[in-house]
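Q: Could you take me through one part of this structure in close detail? I would like to see how a single strand sits among its partners.

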Amino acid sequence: MVTSTALITGANRGIGLEFARQYAAEGWRVHACCREPEEASDLTAALAGRNGVIHRLDVTQEHSIHTLVEALEDEALDVLVNNAGVIGGEHQDFGDIDYAMWRTTIRTNVMGPYRVAEALLDRLDAGRQRVIANVSSLMGSITDNGSGGDHIYRTSKTALNMVTACLAMDLRERGLHVVSFHPGWVATDMGGASAPVTPEQSTAGMRRRIAGVGAEQSGRFYNFDGPELAW
Amino acid sequence: MISFVTAIGWPADRICSNFPLYVGGTMPTAVVTGASRGIGLEFVRQYLEDGWTVHAGARSPDAATGLADLACDRLSVHRLDVSDHEQIAALGRSLEGTPVDVLVNNAGMWIDEDETLGRFTDAAWMEQFEVHLFGVMAMCEALIESIAASEQRRIVNISSGNGSFGWEKTFGEYPYNTTKAALNMLTMGLAHDLADRGVTVMCFTPGFVATDMTDHASDLKPLESVGGMRALVAGLDTDRSGIFLRYNGEAMPW
């Protein structure tokens with residue numbers, strides 16, 4: 001049996017950690033990336049005895065992405081999960097916008113996923129599933145925005161969704177597939193303890209969808225439990 | 001308006017004058033960014049022609065010959081690079097106490113073939129976020145009191161079909177498309193935020209207009225595109241705030 005391989009960013013906690021845990025538990029080879037590997041004790045534990053490698057990666061740093069690519073050598077990737085993301089700080093309301101934080105958030109939530117994908121296209125070409133999964137948010141859906149506010153986070157996820165749409169278009173003939181996900185409101189450090197969806201449920205749902213992604217699904221936006229979402 | 005002016009005896013070349021063309025009230029005021037050429041310049045020209053007072057933002061006022069040709073008492077030209085928040089704040093201060101009926105966030109940029117996969121730097125991408133997104137928010141934050149104090153209370157964001165997920169495209173132009181999609185999200189968000197102040201926020205795709213940015217490779221002239229958008233700006237009901245339209249009124253998909 002040929003082993004499948006996934007690369008996950010922001011894998012030290014929350015949804016990223018759960019992606020690493022679940023893929024590894026199913027026997028996949030996992031490249032789990034995070035900013036501070038030496039502090040990623042949960043990730044280290046999740047990959048113990050599994051076919052996993054932990055990489056240092058800051059998706060906002062070109063040299064960091066370059067180092068990751070070097071470390072992968074000629075390994076094929078089946079699935080790239082662009083999960084690393086930030087919420088954008090406390091000052092996101094009209095009249096109180098923190099522009100420095102907006103820039104930082106765009107670098108992490110939009111440019112980071114694009115740059116990681118761009119750097120790994122050759123590795124994905126060599127894989128069999130060839131899926132790029134961008135962990136976005138329903139907060140990035142313009143159609144769904146019924147309340148305003150949260151401008152930094154919302155615009156970053158809308159822009160990430162547009163990265164998904166553009167990559168799907170550009171990589172279609174190459175046989176690579178790109179989707180955006182709303183992971184649900186998940187009980188993580190970001191989502192808070194009272195969130196109704198567990199990381200296990202969210203990740204299991206997204207993995208199910210990823211396993212079925214082909215040309216027909218590429219360029220679309222999905223809820224973690226299956227249904228397609230409006231942009 | 002031209003025929004009206006001519007009919008009461010003013011020569012047509014006095015159309016841009018300080019005479020009150022609008023009997024029984026104050027003429028409205030517009031603020032237009034990226035006003036030195038193309039669509040922005042045409043907004044300025046048409047609003048002046050209708051007798052409005054216009055504050056035009058341009059990065060290099062001294063080089064803005066198109067604006068110089070429109071010079072009159074009702075036109076003020078401001079040095080304004082919307083990626084410079086100090087300049088935006090200065091404009092906001094200079095307009096304190098002045099009602100602004102329509103803010104046209106038009107300043108924009110496009111880097112041609114360098115928009116495509118693998119062809120652009122993070123710096124070039126961020127520059128478009130500065131101009132198409134952060135600068136628009138900063139303009140709205142700086143001018144909100146003036147806008148809310150006006151009669152019409154309109155914020156107009158010049159977006160693009162490239163920012164639409166539902167608009168057919170053949171390849172990705174990443175910096176442009178992502179920043180315009182984000183601008184559309186901002187339009188929707190501001191429509192909610194500013195509803196209780198009676199401000200109507202909308203975004204337009206002006207169409208593929210013959211301007212410097214498009215190498216003038218189009219039959220659609222600024223006159224028609226801007227004329228269409230201005231009619232929509234004037235006529236849109238407040239309860240349709242947060243809408244995305246083509247210059248001719250067709251609904252655009254997000």
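A: Happy to; here is a close look at strand 1 of chain B and its surroundings. This is a predicted model, in which local features need pLDDT of at least 70, side-chain atom pairs count only at pLDDT 80 or more, and totals for chains, interfaces and linings use all residues. Residues are numbered from 1 along each chain as its sequence is written, and chains are lettered from A and ligands numbered from 1 in the order in which they are written.

Strand 1 of chain B covers residues 29-32; helices (H or I, at least four residues) and strands (E, at least two) are DSSP runs, numbered from the N terminus. In a regular strand, side chains point alternately to the two faces of the sheet. Here B:Thr29 and B:Val31 lie on one side, B:Ala30 and B:Val32 on the other, and all are buried, meaning that 20 or more other C-beta atoms, placed from the backbone, lie within 10 Å of the residue's own.

Now for the pairing, which requires at least two DSSP bridges between two strands. Strand 1 runs parallel to strand 2 (residues 53-58) of chain B, with four bridges joining them. Strand 1 is also parallel to strand 4 (residues 102-105) of chain B, through three bridges. B:Val32 takes part in both pairings: B:Ala56 stands opposite B:Val32 in strand 2, and B:Val104 is its bridge partner in strand 4.

Finally, strand 1, helix 2 (residues 38-49) and strand 2 of chain B form a right-handed β-α-β unit: with the strands pointing away from the viewer, the path from the first strand over the helix to the second runs clockwise.

How values were computed: Buried ≥ 20, exposed ≤ 12 C-beta atoms within 10 Å, placed from the backbone.
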